[in-house]
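Work through the exercises below with the model open. Each task is followed by a stepwise solution.

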Amino acid sequence: MKQAQIGLIGLAVMGANLARNIASKGFDIVVYNRTAEKTQAFIKEYGNEHLSGELQDLATFVASIESPRKIIIMVQAGKPVDAVIEDLLPYLEKDDCIIDCGNSYYRDTIRRETYLAPKGIRFMGCGVSGGEEWALNGPSIMPGGSVADYVKLSPIFSAIAARDFNGSACVTHIGVGASGHFVKMVHNGIEYAVMQIMAEAYDTLRKLYNLSAPEIADIFETYSQGKLGSYLFDISLKVLRKEDEFQDGGSLVDYILDRAGQKGTGKWTAIDALERNVCVPTIAEAVFARNISASKKLRGELAPTFTKVSAKNLPPLSEFIPLLENGLYASILSAYAQGYDLIIQASTTEWWDVNLAEISRIWEGGCIIRAEILSFLHQAFLDAPAGVSHLFAIPEVMNAFQTTISDWHKVTSIIIEHGIAVPTITSSLSYFESITDDKHPANYLQGLRDFFGAHTYERTDREGTFHTQWSE
Ligand SMILES: NC(=O)c1ccc[n+]([C@@H]2O[C@H](COP(=O)([O-])OP(=O)(O)OC[C@H]3O[C@@H](n4cnc5c(N)ncnc54)[C@H](OP(=O)(O)O)[C@@H]3O)[C@@H](O)[C@H]2O)c1
C-alpha cells in the first residue's frame with residue numbers, strides 16, 4: 001500500500017482545512033481525529049487520491065506514514081497536545097517528527113521538545129496564522145525547531161503557505177527551539193493591539209460625530225486604500241456594512257453585545273513581556289480593554305452615575321478624518337515596535353537569532369495582521385544598520401513618526417478632551433514619547449525609594465552607588 005508523505009491529527013476547522021490545502025498541492029496526507037465519526041465524515045466529503053483517513057486506530061494511522069514520519073498535530077492547545085503526544089509515543093520510531101501547528105504556549109513547546117529529545121523523537125513548534133479560511137487557501141507559517149527538520153518540511157510548507165507582496169511563500173525558518181510559537185504569540189499580541197486601536201477609532205467616530213456603522217465603513221474604506229491598507233480594515237468594511245437580519249434596516253454590529261472574548265495569546269504576550277522587563281503597553285492595554293468590556297454589569301451600573309462631556313469645539317469631520325488616519329497609523333506602528341522589541345529581546349536571551357525582515361515579510365500574506373505597513377517594515381529592516389536594537393532606531397521609521405506626530409497629538413487630545421477612552425491610542429503615543437526621551441523622572445523616583453527604603457541611587461556626575469540620610 002502506498003504510504004502517505006505526512007500525517008495530520010485534529011480535524012476541527014484548522015486541521016481539516018490545512019489537510020485539504022496540503023492534499024490540493026499534490027502531497028499524500030493521511031488524517032486522524034480522536035472522534036472517529038469526524039474522520040469518516042471528513043473523508044466522505046473531501047477524501048481523494050492524496051487525502052485518506054478511513055483508518056480508525058492510531059497504530060494503523062502511524063504505520064501508513066512513510067518513515068521517518070512527519071505528523072502534524074492541530075488540536076486544542078494545552079493538555080490535548082500532551083494527550084496526543086502520549087497516545088502517539090508507543091507507535092513512533094527514532095527520528096519521527098511531530099509538528100505542533102496549534103497555538104501552543106511557547107514554554108510548553110520547550111518542555112515538549114526537552115521531553116521528546118531523549119526518546120529520539122523530533123519536535124517542531126510551528127505557528128500558523130490566518131484562521132480557517134487561510135488554513136485552506138494559504139496561511140502564514142512560523143516554524144521553529146532545528147534547521148534539519150525545517151528543511152524536511154520546507155517543500156510542503158512552501159507549497160501551502162500564502163504569498164507575500166512579491167509572490168514568495170509566507171514561511172521562513174524562525175529559529176531553533178520554541179521561537180516559532182513565540183513569534184506566533186507576539187503576532188497575536190500585535191493583533192490584539194491593532195484591533196483595539198481600530199475599535200477606538202470606530203468608537204470615536206460614532207460618539208463624537210454621531211456616525212452610523214455604514215458611514216464609518218465609508219471612512220475606513222478610504223483608510224484601507226492608503227497606508228492603513230490591511231486585512232483587518234478590509235473585513236471591518238464587511239462587519240460595519242452588514243445589515244441585521246432581525247431588525248429591519250439596522251446594522252448587525254449595533255446589536256452585538258459589547259463584551260469581547262479572548263483565548264489568552266494577548267495575555268501571554270503581556271505577561272511574557274513583564275517577565276522579561278520589556279514594554280508592550282499597547283498590547284497590555286488591548287488585553288485590559290477586553291477585560292473591562294467583559295465587566296458589562298458594572299459598566300451598566302456606573303454609567304448613569306457620571307455625566308459624559310458633551311461635544312464642543314469639534315473640528316469639521318473633513319478635517320478630523322485625515323488627523324485620525326495619521327493618529328491610527330502612528331499608533332499601529334508604535335504597537336508593532338513594541339511587539340518587535342519583545343521578539344528582539346527574547347531572541348537575544350534565548351539565542352534564536354530571529355530575522356525581523358523575514359518575519360515582516362511572512363506576515364505580508366495569510367495572517368490576520370497582514371497589512372501594507374509590513375512591506376514598509378520589511379524594507380526598513382533590510383535597510384537597517386546591522387544589529388539595530390529597536391524599530392525606532394531605523395531612520396525611515398523615525399521619519400514616518402516625524403510626519404505624523406503633530407496630527408497624532410492633535411487627534412488624541414481632541415478625543416481625550418471629549419471623554420472617550422482610547423487606552424491603546426494613548427499608550428502607543430506615550431510609549432513613543434517615553435522611549436524617545438532621554439530625561440525621565442526616574443531620578444525623582446530613586447530619591448523617594450532611597451528615602452523610605454535605603455534602596456540607593458546612582459549619580460549623573462560620578463561613578464558609584466549612593467545613599468543619603470534624607471531627614472535631619
Ligand atoms: N480557529 C482558528 O481560527 C485558529 C487560528 C489559528 C490557530 N488556531 C489553533 O489551531 C489549533 C486547532 O484549532 P481549531 O479551532 O481547529 O480546533 P480546536 O477547537 O482548538 O480543537 C478541536 C480539536 O482538538 C481535538 N481534541 C481536543 N481534545 C483532545 C484530546 N484530549 N485528545 C485528542 N484530540 C483532542 C478535537 O478532537 P475531537 O473532534 O475528538 O473533539 C478536535 O479535533 C488550536 O491550537 C488553535 O488555537 C486556531
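**Exercise 1. Backbone outliers**

In which loop does D353 lie?

Solution. D353 sits in the loop between α14 and α15 (356-362). Helices (H or I, at least four residues) and strands (E, at least two) are DSSP runs, numbered from the N terminus. This is a predicted model: local features need pLDDT of at least 70, side-chain atom pairs count only at pLDDT 80 or more, and totals for chains, interfaces and linings use all residues. Residues are numbered from 1 along each chain as its sequence is written, and side-chain values use heavy atoms, with hydrogens and water left out.

Next, check phi. D353 is not a glycine, yet its phi is positive, about 55°. Then check omega. The peptide bond from S67 to P68 is cis, with omega near -10°. P68 belongs to the loop between α3 (58-63) and β4 (70-73). For context, most residues other than glycine have a negative phi, and most peptide bonds are trans.

**Exercise 2. Classify the packing of α14 on α17**

Find the crossing angle, then the class and the handedness.

Solution. Step one: the axes of α14 (residues 317-350) and α17 (residues 395-417) come within 7 Å and cross at roughly 120°. Axes are lines fitted to C-alpha atoms, for helices over the stretch in contact; angles run from 0 to 180 degrees between N-to-C directions. Step two: that angle makes α14 oblique to α17. The cut-offs are under 35 degrees for roughly parallel, over 145 for roughly antiparallel, 65 to 115 for roughly perpendicular, and oblique for the rest. Step three: the crossing is left-handed (the near helix is turned anticlockwise from the far one by less than a right angle; clockwise is right-handed).

**Exercise 3. Repeat for α4 and α5**

Solution. Helix α4 (residues 79-88) packs on helix α5 (residues 106-116) at about 15°, with axes 12 Å apart. That makes α4 roughly parallel to α5. Their crossing is right-handed. From α4, V81, D82, I85 and E86 make the contact; from α5, R111, R112, Y115 and L116 do. Contact means heavy atoms within 4.5 Å.

**Exercise 4. Ligand surroundings**

Which residues come nearest to the ligand?

Solution. M14, N33, T35, K38 and N103 come nearest, of the 19 residues around the ligand (a heavy atom within 4 Å). Now list polar contacts (N or O pairs within 3.5 Å). A polar side-chain atom of T35 is 2.5 Å from a ligand oxygen atom. A backbone N or O atom of V75 is 3.2 Å from a ligand oxygen atom. For L11, a polar backbone atom lies 3.4 Å from an oxygen atom of the ligand.

Conventions. Polar contact = N/O pair within 3.5 Å; in protein donor to acceptor, adjacent residues only side chain to side chain.
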